[in-house]
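This report sets out the arrangement of a sheet, its helices and a ligand site. The sequence and the coordinates are shown first.

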Amino acid sequence: MKCTKCEREAVYWTTNHKLCKEHFFDYFESKVFRTINKYRLFNREDKVCVATSGGKDSMSLLYVVNKYCKKRGIKFFSLAIDEGINGYRNEALDNLKDFCKEYDIKLEIFSFKDRYGKTMDQLREKAINEFGKTPCTICGTFRRSLLNKKARELGATKLATGHNMDDEAQNFLMNLFKGNMGNNASLGPIVGVSANEKFVPRVKPLYHILDIEAKLYAKYKEFNLCFCDCPHSDMSFRKKIKLKLHEIEKEVPGIKNGVVNSFMEIMPTLKERYKNKKEFKYCSKCGDACVGEKCNACLLEEQLCK
Ligand code: SF4
Ligand SMILES: [Zn+2]
Ligand SMILES: [Zn+2]
């Protein structure tokens, strides 16, 4: 099958085009650049922190943001969290270090072990057996908190994450099924409903990129990375939704796009409705903005890390 735009062999099919490798790269990068420009995710005044894990999404994100920022003279750096997941994160971080060296990108790494005194591998059993929490709940809360703190300390004005369209569709449906529409108000290319000086605004340049597109981009660019799954991910509700969505998408192509586009239609209403609903307090332990006496990360730390 030939590329619609040239004579080379097509490697990716969109609804309108068949694309060869080179034209797929153009398609991917223009989609990310358009997202950054359309939603004004960052500009020359910003110092962008790219949250990276060494996985396909964040590596593709880092590569494209590197291209975008260097061309426009926008300051940026990369930040990774080592959760302490043996055989998974350590290998991914080794690849990330090589990648940052190759493209001359500043990389900062902070670990759960240093901040919370325990690795994710060590927290797993206690989280499940004593507190009935999935590893992903713990990991997500600690990682979000640490990313925000470190990005802020390093002077970032925007925190770019590798969340793609599949992640957004999953998030929306997970909140919908659990009846948490308030959480859906926080979704979108720019995360959250209310600003606070303790939160570095989080933005999602891969918002309109499908998971498969990020995977193929990383593959055809020949980034050195592992496409394996986290050993703790089996139990998550997200994984169940992810598999269901893949299943339906196979039968009805375009449904992920449909879910995210439907969300985009109601997003302004949701953001308006939940804006300033929560009054911010400051965590008595770490000083971060939160809604209770202590932030979720500090509460979990007290339960699990003693
Ligand atoms: S799958 Fe869950 S435990 Fe594994 S890195 Fe992601 S959030 Fe953490
Ligand atoms: Zn082509
Ligand atoms: Zn706290």
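The text below treats the sheet, the helices packed on the sheet, a helix pair and the surroundings of the ligand.

**The sheet**

The model is predicted. Its open sheet has five strands in the order β5-β4-β3-β6-β7, and the pairing is parallel. The edge strands are β5 and β7, each of which pairs on one side only. At the β5 edge, strand β4 pairs with β5 in the parallel sense over five bridges, and aspartate 82 stands opposite serine 111 in β5. The connection from β4 to β5 passes through helix α3, residues 89-102, and this β-α-β crossover is right-handed. At the β7 edge, two bridges join β6 to β7, and these strands run parallel. Arginine 202 in β7 is the bridge partner of leucine 159.

The two strand pairs that include an edge strand are set out here.

| Pair | Residues | Sense | Bridges |
|---|---|---|---|
| β4 and β5 | β4 75-82, β5 107-111 | parallel | five |
| β6 and β7 | β6 158-160, β7 202-203 | parallel | two |

**Helices on the sheet**

Helix α3 packs on the sheet and touches β3 (residues 47-52), β4 and β5. The direction of α3 makes about 160° with that of β4. Helix α6 lies across β3, β4, β5 and β6, and runs at about 145° to β4.

**The pair α7 and α11**

Helix α7 (residues 165-178) and helix α11 (residues 255-274) have axes that come within 9 Å and cross at roughly 65°. Their crossing is left-handed. From α7, the contact takes in Met165, Asp166, Glu168, Ala169, Phe172 and Leu173; α11 contributes Lys256, Asn257, Val259, Val260 and Phe263. By class, this contact has seven nonpolar, one polar and three charged residues.

**The ligand site**

Which helix gives the most to the shell around ligand 1? That helix is α6, residues 135-153, with four residues. The residues that surround ligand 1 are Glu83, Met120, Pro135, Cys136, Cys139, Gly140, Cys230, His232 and Ser233. Sorted by class, this shell has five nonpolar, three polar and one charged residues. Helix α6 thus appears in two settings: α6 lies across four named strands, β3, β4, β5 and β6, and α6 gives the most to the shell around ligand 1.

Terms used
Residues are numbered from 1 along each chain as its sequence is written. Chains are lettered from A and ligands numbered from 1 in the order in which they are written. This is a predicted model: local features need pLDDT of at least 70, side-chain atom pairs count only at pLDDT 80 or more; totals for chains, interfaces and linings use all residues. Two strands pair if DSSP finds at least two bridges between them. A crossover is right-handed if, with the strands pointing away from the viewer, the path from the first strand over the helix to the second runs clockwise. A residue is near a molecule or strand if its C-beta atom, placed from the backbone, lies within 6 Å of it. Ala, Val, Leu, Ile, Met, Phe, Trp, Tyr, Cys and Pro count as nonpolar, Asp, Glu, Lys and Arg as charged, and the others, Gly among them, as polar. Axes are lines fitted to C-alpha atoms, for helices over the stretch in contact, and angles run from 0 to 180 degrees between N-to-C directions. A crossing is left-handed if the near helix is turned anticlockwise from the far one by less than a right angle, and right-handed if clockwise. Two residues are in contact if their C-beta atoms, placed from the backbone, lie within 7 Å.
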